[in-house]
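Here's a quick briefing on a protein model, written for someone just starting out. Have a look at the structure first, then read on.

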Amino acid sequence: MADSGVNPTAAALLGLLHEGPMTGGQLMAAAERRLAPYWSMTRSQVYRELPVLAERGLVRMGKPGPRSSQPYAITAAGKRTFSRWLAEEPGRDTIRNPIALRIAFGELHSASQLKNLQAAANEYHTEALAKVREQVKNAKKEGDAYDASALEFAVAYHKAALSWLKSAPVG
């Protein structure tokens, strides 16, 4: 198995650049639109990775646009590296749920803190579930079975979180 030498954030940027040249801001918007329901990326990660990808010859910088925005395009080497990354073992999931972490220390919370925590989490997951269901519907309408499938993961995640919240000891 090939070692692409890129981290998942860099790989995600290379994958997004298959759609065409984009600035850092456009890449953030594309990541938010396409990946956010199941993969988080921060602006600082994007802007940290782009110069590294350029230095390695995986992307090339275009002519600066308005307000010094810098477009990036994937190179042939970037496409090869992305293909190698796709073929690698994905590794284990990393679960980092801030609500579960706080519930784990529930005995140190007040009853009202726990109830507020649960209510806020319920509200978040309910809204996120509705939003991602709409994204799945749109992906299916556009005939993008792969995007729809990845988004279905987010649907299942939010459903599971809501189910778990119903049984969490919060008061």
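Start with residues 95–168: helix makes up 82% of this stretch and strand 0%. The C-alpha atoms at its two ends sit 18 Å apart. Keep in mind that this is a predicted model, so treat what follows as a description of that prediction.

**What the record says**
- UniProt lists residues 95–168 as "domain: Transcription regulator PadR C-terminal", and that comes from an unreviewed entry.

**How the chain is divided**
- The domain assignment splits out domain 1, covering 6–85, and domain 2, covering 96–165.
- If you take the centres of domain 1 and domain 2 over C-alpha atoms, they are 27 Å from each other.

**Where the two domains meet**
- On the domain 1 side, four residues make contact with seven residues of domain 2.
- Together, domain 1 and domain 2 bury about 470 Å² between them, and 52% of that area is on carbon and sulfur atoms.
- Who does the work on the domain 1 side? R34, P37 and Y38 supply 86% of the area that domain 1 buries against domain 2, more than any other three residues.

**What kinds of contacts turn up**
- Looking for salt bridges between domain 1 and domain 2? The count is zero.
- Polar contact does show up across this interface, in one residue pair, with both residues at pLDDT 80 or more.
- The side of domain 1 that touches domain 2 has two nonpolar residues, two charged ones and no polar ones.

How values were computed. Residues are numbered from 1 along each chain as its sequence is written. This is a predicted model: local features need pLDDT of at least 70, side-chain atom pairs count only at pLDDT 80 or more; totals for chains, interfaces and linings use all residues. Side-chain values use heavy atoms; hydrogens and water are left out. Domain bounds come from an automatic or database domain assignment. Contact means heavy atoms within 4.5 Å. Buried area is the accessible area (1.4 Å probe) that two parts lose on being put together, summed over both. A salt bridge is a side-chain nitrogen of Lys or Arg within 4 Å of a carboxyl oxygen of Asp or Glu. A polar contact is a pair of N or O atoms within 3.5 Å; within protein, one must be able to donate a hydrogen and the other to accept it, and residues adjacent in sequence count only if both atoms are side-chain atoms. Ala, Val, Leu, Ile, Met, Phe, Trp, Tyr, Cys and Pro count as nonpolar, Asp, Glu, Lys and Arg as charged, and the others, Gly among them, as polar. UniProt positions are given in the numbering used here, feature names are shortened, and annotations may be inferred rather than shown by experiment. Helices (H or I, at least four residues) and strands (E, at least two) are DSSP runs, numbered from the N terminus.
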